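Ready for a short set of exercises? Keep the sequence and the coordinates at hand, and try each task before you read its solution.

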Amino acid sequence: MCVSPRSAVFLAIAALACADPVPLEPVRFTPAQPELFADGGTLTDAWADVDGDGDPDRFVGFNGAASRLYRNDLLDGFVDIAADVGLAVERAVRTSAWGDFDRDGDPDLLLGFAGDAPVTALYRNDGPSGFVDVAADVGLRLEAGATRQASWIDYDEDGDLDLFLAMRDRPNHLFENRGPSGFADVAEEVGMIERGRTVGATWFDVGDGRLDLIVANMDGDANTLWIQEAGGFRADGGGPVAGGGRALGDAAQGSVRPCVVDHDNDGDFDLFFANYGPNGLLESDPGAGTYTDVAPRLGLAIDARYDTCAWGDFDNDGALDLYVNGTVTGGVQYRDWLFRREGGESFVDVTPPELLELAADHGATWVDFDLDGDLDLALTGAGEDGMHHLMRNLLRPERAGHSLQVRVLDAQGVAAHAGAEVRVYAAGTDRLLGTRLVDAGSGYDAQSDLPVHFGLPGDQPVDVTVTVLGSGARRTATVAGVEPGAYLGRALILRIDRAGGVVR
């Protein structure tokens with residue numbers, strides 16, 4: 001099933017005009033297990049189903065205190081098992097990313113540290129035996145550098161996960177996974193020589209059938225869009241992408257987090273930048289290959305200092321909402337914002353008091369931790385007054401269940417399709433209901449291995465399409481007539497081969 005961006009926009013507007021308006025839900029969150037998640041000094045937040053029981057577990061990295069791995073036992077709550085499995089690392093964790101680098105079916109964990117050598121570790125998940133640091137064995141142990149965003153992606157489309165690692169103080173790394181011989185840094189070989197001071201990055205396809213990379217740079221440096229071509233990458237650093245909505249050349253301004261999102265539901269991906277300086281939302285015009293900053297028009301160009309962006313349909317009304325969190329710096333706590341998309345063309349600040357009172361910064365993740373169908377919000381806070389609260393979304397149960405989560409795996413059941421695109425249509429039509437990107441760099445210095453989430457008001461049957469990349473081509477598989485209600489409490493799992501076929 002295909003739908004052009006132009007027709008998708010028309011159909012989306014027509015649907016909004018003809019459909020009865022969805023009543024707005026009260027915005028209410030409450031902390032889950034607040035005593036367990038009360039400690040501050042937290043920097044990174046990354047989620048994955050570590051034990052394979054079907055629910056998401058949580059890793060939290062601290063600024064020097066022991067890291068924590070919270071196993072999700074659903075009705076029995078979370079329990080910290082880091083000490084039991086070898087992850088209670090007493091380092092300042094600046095980077096965390098889950099990815100199944102060895103293709104054994106469970107997620108492994110890449111960490112980056114501040115301070116003494118080594119500054120990286122790769123913890124292989126050995127199941128009941130716990131986690132073992134194998135970074136030195138596979139060529140991923142770094143002795144120096146300020147690590148930031150890590151992304152597990154199969155950039156060369158050979159079936160295994162490679163690793164991109166952003167560096168705040170030196171050139172970025174692109175480690176190619178060469179199987180038994182380990183990883184090799186090929187950034188210079190493929191032409192990816194980044195001159196900026198990078199803190200954020202994420203991967204997506206601009207439309208040419210290969211994974212491309214957007215990097216966010218600080219200290220006034222320009223952002224870069226790295227376009228992958230046969231045999232390497234070329235830098236496209238001009239236009240609105242360079243600033244991402246903020247000023248260039250001003251050392252006090254910079255881009256921290258890029259988010260790839262179809263904010264206007266036209267089927268193609270736009271770019272949002274959480275900045276030191278005004279935030280930017282670059283709307284894509286794929287026909288012209290250009291971007292236009294629409295953040296000022298939509299009320300999102302708030303001029304302050306922000307650490308991350310997190311997009312998700314928290315009220316399940318079919319429109320993506322936005323959470324941005326302010327940093328803590330120089331004794332100032334910049335406020336957080338929860339923007340709800342209302343009326344198609346406006347974002348409204350609906351930040352409830354229970355979020356405003358938290359000293360949150362750095363990590364922020366939308367995740368349905370309790371599997372009730374709505375998105376909850378995980379936060380971190382690096383300051384002394386910080387925390388790492390998990391804020392439960394209190395949507396009415398009948399509204400919370402109007403959703404669908406989709407997990408994309410490869411033909412062998414391995415999560416190797418980071419950067420794949422998932423679209424949902426009203427069943428039997430070309431009316432687009434939403435577009436999502438399988439995580440290829442999320443949160444702040446974190447990557448999670450989670451299903452993608454769609455709010456579906458009315459709980460109607462849908463057709464689900466998944467677009468994967470291979471050999472410079474885009475291949476799309478379709479599963480028709482999915483009943484979202486049949487998947488409440490679990491994800492629709494789709495195994496997609498690189499030819500674009502659905503493997504049952």
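**Exercise 1.** Which residues does Glu 354 touch, not counting residues up to four places away in sequence? Then work out what the charge of Glu 354 has around it.

*Solution.* Bear in mind throughout that this is a predicted model.

- Step 1: locate the residue. Glu 354 belongs to helix H6, which covers residues 353–356.
- Step 2: list the contacts. Val 27, Arg 28, Phe 29 and Met 391 are touched by Glu 354, with residues up to four places away in sequence left out.
- Step 3: look for a charge partner. Glu 354 is buried yet has no salt bridge. The nearest side chain of opposite charge, Arg 28, is 7.1 Å away, whereas a salt bridge needs a nitrogen and an oxygen within 4 Å.
- Step 4: look for a polar partner. A polar atom of the Glu 354 side chain lies 2.8 Å from the backbone nitrogen of Phe 29.

**Exercise 2.** How many aromatic pairs does a search of the whole structure find? Classify the pair formed by Phe 37 and Tyr 70.

*Solution.*

- Step 1: count. The search of the whole structure gives 17 aromatic pairs.
- Step 2: classify. The ring centres of Phe 37 and Tyr 70 are 4.8 Å apart and the planes stand at 75°, so this pair is edge-to-face; the cut-off for that class is over 60 degrees.
- Step 3: place the partners. Phe 37 sits in the loop between strand E1 (29–32) and strand E2 (42–48), and Tyr 70 in strand E4 (residues 68–72), so the pair ties together parts that are 33 residues apart in sequence.
- Step 4: check burial. Phe 37 is buried at a relative accessible area of 0%, and Tyr 70 is buried with a value of 0%.
- Step 5: widen the view. One aromatic cluster is formed by Phe 37, Trp 47, Tyr 70, Phe 78 and Phe 369. In addition, Arg 58 lies over the face of Phe 37, 5.3 Å from the ring centre.

**Exercise 3.** Describe the two partners that Arg 335 has in the next steps, one a ring and one a charge.

*Solution.*

- Step 1: the ring. Arg 335 lies over the face of Trp 337, at 3.6 Å from the ring centre.
- Step 2: the charge. A salt bridge joins the side chains of Arg 335 and Asp 349 (3.3 Å, N to O).
- Step 3: the span. Asp 349 is in strand E27 (residues 346–349) and Arg 335 in the loop between strand E25 (332–333) and strand E26 (337–342), so this pair ties together parts that are 14 residues apart in sequence.
- Step 4: the exposure. Asp 349 is partly exposed at 35% relative accessible area, and Arg 335 is partly exposed at 32%.

**Exercise 4.** Is Asp 315 buried or exposed? Follow its contacts to the charged residues around it.

*Solution.*

- Step 1: Asp 315 lies in the loop between strand E22 (303–312) and strand E23 (321–326). With 1% relative accessibility, Asp 315 counts as buried.
- Step 2: Asp 315 touches Glu 25, Asp 321, Arg 340, Leu 395 and Arg 399, leaving out residues up to four places away in sequence.
- Step 3: follow Arg 340. Its side chain meets that of Glu 342 in a salt bridge (3.0 Å, N to O), and both Arg 340 and Glu 342 are buried.
- Step 4: follow Glu 25 and Arg 399. A network of salt bridges links Glu 25, Arg 396, Glu 398 and Arg 399.
- Step 5: finish with the total. The structure has 23 salt bridges.

Notes:
Residues are numbered from 1 along each chain as its sequence is written. This is a predicted model: local features need pLDDT of at least 70, side-chain atom pairs count only at pLDDT 80 or more; totals for chains, interfaces and linings use all residues. Side-chain values use heavy atoms; hydrogens and water are left out. Helices (H or I, at least four residues) and strands (E, at least two) are DSSP runs, numbered from the N terminus. Buried means under 20% relative accessible area, exposed over 50%, partly exposed in between (1.4 Å probe, protein chains only). Lys and Arg count as positive and Asp and Glu as negative; His and the chain ends are not counted. A polar contact is a pair of N or O atoms within 3.5 Å; within protein, one must be able to donate a hydrogen and the other to accept it, and residues adjacent in sequence count only if both atoms are side-chain atoms. Contact means heavy atoms within 4.5 Å. Rings of Phe, Tyr and Trp (its six-membered ring) pair if their centres lie within 6.5 Å; planes under 30 degrees apart count as stacked, over 60 as edge-to-face and the rest as tilted. A charge sits over a ring if NZ of Lys or CZ of Arg is within 6 Å of the ring centre and within 35 degrees of the ring normal.
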